[in-house]
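Visitor: I am new to this structure and would like a close look at a single part of it. Please take one strand and its surroundings, and then go on to some side chains elsewhere in the chain.

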Amino acid sequence: MEHSIAVFGLGFVGLPLALVYASKGHPVIGVDIDELHVAKLKMGQTPLCEPWEGKTIQEGLIHALQKGMFEPTCHAEEAIRRSTEVIVTVGIPVRSDGTLDYTSLDSVATFLGKHLRPGMTILLRSTVPPHTTRNRFKPLLEEYSHLSAGKDFYLGYASERMAEGKAYEELTSMPTPVAGINEASLEKCTQLLSKICSQVISAQNLEAVEMSKVVENLSRDINVAMVNEFANYAYSIGVDIAEVLSIANTHQRVKLLSPGPGVGGYCIPNAYYYLAGTERPCADLPVSSTSRQLNDQRPSAILAVAEEELKKLKKDLPSAQFALYGLGMKDFSNDLRLSPSLEFIRLLRERKYLCRFFDPLTEYPEPGMCHNLEELLEGADCLIILNRHHDDKIHQLDKIKKLMNNRPLIVDTRSWIDAEKAKKKGFTLCRC
């Protein structure tokens with residue numbers, strides 16, 4: 001393929017993005033350093049769960065491969081040689097101490113700089129702290145290319161706004177903000193995005209677009225923390241939080257989210273650190289900081305509820321069997337990155353409780369992983385629902401009752417099980 005678009009990073013963002021371009025008739029070379037991942041992509045295999053127009057992402061991948069519109073590779077130099085436009089989706093992980101790890105992004109910028117040709121367009125499209133494009137990415141490109149951004153090549157930044165599970169839809173329909181290092185770069189990056197995006201929003205300031213993406217994620221973190229706090233309070237006074245929110249949301253100016261077991265995934269948990277963890281001095285972020293702490297503490301708070309309810313049921317905690325349903329970072333997801341479910345497993349093991357877990361979409365190579373719901377529930381005292389899935393078996397309460405021990409407890413963090421039906425079947429069910 002000549003005059004292709006090169007997409008660097010073939011993960012949860014880069015792969016759907018590459019396949020959308022391919023589906024619109026634009027040849028794409030996808031670059032990733034993971035040789036096994038690339039080998040599987042070449043065979044039409046991906047673990048991602050992304051529906052699109054009634055098809056699966058696997059079907060879309062196979063179609064793009066067969067049509068010769070998508071070529072996954074580890075040979076980055078060859079990809080650059082055959083491309084005129086490059087989109088970088090490599091992320092910036094957050095270390096355990098809250099600092100930012102720019103290693104991968106810096107490596108890509110350095111590589112691109114060494115192989116840049118005059119006239120190329122480089123678009124950074126991952127979540128980054130403000131000033132990253134201008135003060136970190138651009139200097140590396142210029143240093144190693146000996147070219148000038150905006151004059152010899154074009155450089156811009158665009159928000160990545162897609163949600164997992166809606167990638168194909170939102171990559172094309174979601175309004176996409178973009179800014180360039182200068183007007184010429186903005187024009188080139190807008191043209192690149194317009195190949196797939198129905199609405200491109202041209203902005204004048206790179207830092208405004210970078211920060212808008214972080215703020216979008218951080219606002220979700222704050223809103224989830226707020227309803228999680230409401231859920232804690234509702235449980236403490238014996239009120240069903242699902243009913244509270246249902247009533248509150250009838251107000252025309254109120255739109256509260258649903259509580260959950262915490263906040264996972266690559267984007268939302270990292271958003272606070274993209275502002276607070278940068279080297280550049282910034283204003284205090286007390287609301288954001290507190291929200292992040294509340295969401296981090298959510299698994300511990302829910303486990304405390306489970307322990308309290310088991311004690312009320314006269315269960316012996318040291319011998320109680322816990323069953324965790326759902327491992328993904330959110331409903332209908334197999335993405336385990338920063339998933340709260342993994343924190344539940346860690347906490348249960350730390351307290352030396354008996355623990356099993358199951359997810360219909362993913363595997364987790366740890367002792368305690370079950371192959372099906374029946375294995376998960378056999379002899380369980382407490383079922384903690386952490387995710388919703390397209391799985392009717394979880395609603396078969398008569399069968400669940402027979403599998404679990406006597407006086408069974410369900411802790412429903414997703415308000416998914418019909419509370420009245422569960423209570424009539426003899427379950428103790430609490431939402432928190």
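Guide: What follows begins with strand 5 and its partners and then turns to salt bridges and a few single residues.

This is a predicted model, in which local features need pLDDT of at least 70 and side-chain atom pairs count only at pLDDT 80 or more, while totals for chains, interfaces and linings use all residues. Residues are numbered from 1 along each chain as its sequence is written, and side-chain values use heavy atoms, with hydrogens and water left out.

Strand 5 covers residues 121-124; helices (H or I, at least four residues) and strands (E, at least two) are DSSP runs, numbered from the N terminus. Both of its faces are covered, since Thr 121 and Leu 123 on one side are buried, as are Ile 122 and Leu 124 on the other. Here buried means under 20% relative accessible area, exposed means over 50%, and partly exposed lies in between, with a 1.4 Å probe and protein chains only.

Strand 4 (residues 83-88) runs parallel to strand 5 and is joined to it by four bridges, and two strands pair if DSSP finds at least two bridges between them. Within this pairing, Glu 85 stands opposite Thr 121. Between strand 4 and strand 5 the chain passes through helix 5 (residues 103-115), in a β-α-β crossover that is right-handed; that word applies if, with the strands pointing away from the viewer, the path from the first strand over the helix to the second runs clockwise.

Strand 6 (residues 154-158) is also parallel to strand 5, again with four bridges, and Gly 156 in strand 6 stands opposite Leu 123. To get from strand 5 to strand 6 the chain goes through helix 6 (residues 132-145), and this β-α-β crossover is right-handed.

Helix 6 also holds Lys 138 and Glu 142, which are four residues apart, about one turn of the helix. They form a salt bridge, with the closest N and O atoms 3.2 Å apart; the term stands for a side-chain nitrogen of Lys or Arg within 4 Å of a carboxyl oxygen of Asp or Glu. Lys 138 counts as buried, because its relative accessible area is 19%.

The structure holds 26 salt bridges, and among them is the one between Glu 307 and Arg 351, whose closest N and O atoms are 3.1 Å apart. Glu 307 lies in helix 13 (residues 298-312) and Arg 351 in the loop between helix 14 and strand 10 (354-358), so the pair ties together parts that are 44 residues apart in sequence. Glu 307 is buried, with a relative accessible area of 13%, whereas Arg 351 counts as partly exposed at 32%.

Two buried residues elsewhere can be described through their contacts, where contact means heavy atoms within 4.5 Å. Ser 333, in the loop between strand 9 (321-325) and helix 14 (340-350), is buried because its relative accessible area is 4%. Not counting residues up to four places away in sequence, Ser 333 touches Glu 164, Gly 328, Asp 359, Leu 361 and His 389. Ser 333 and Asp 359 are 26 residues apart in sequence, and their C-alpha atoms are 9.5 Å apart in space.

Asn 295 has its place in helix 12 (residues 286-296) and is buried, with a relative accessible area of 3%. Its contacts, leaving aside neighbours within four places in sequence, include Asp 221, Asn 228 and Gly 262.
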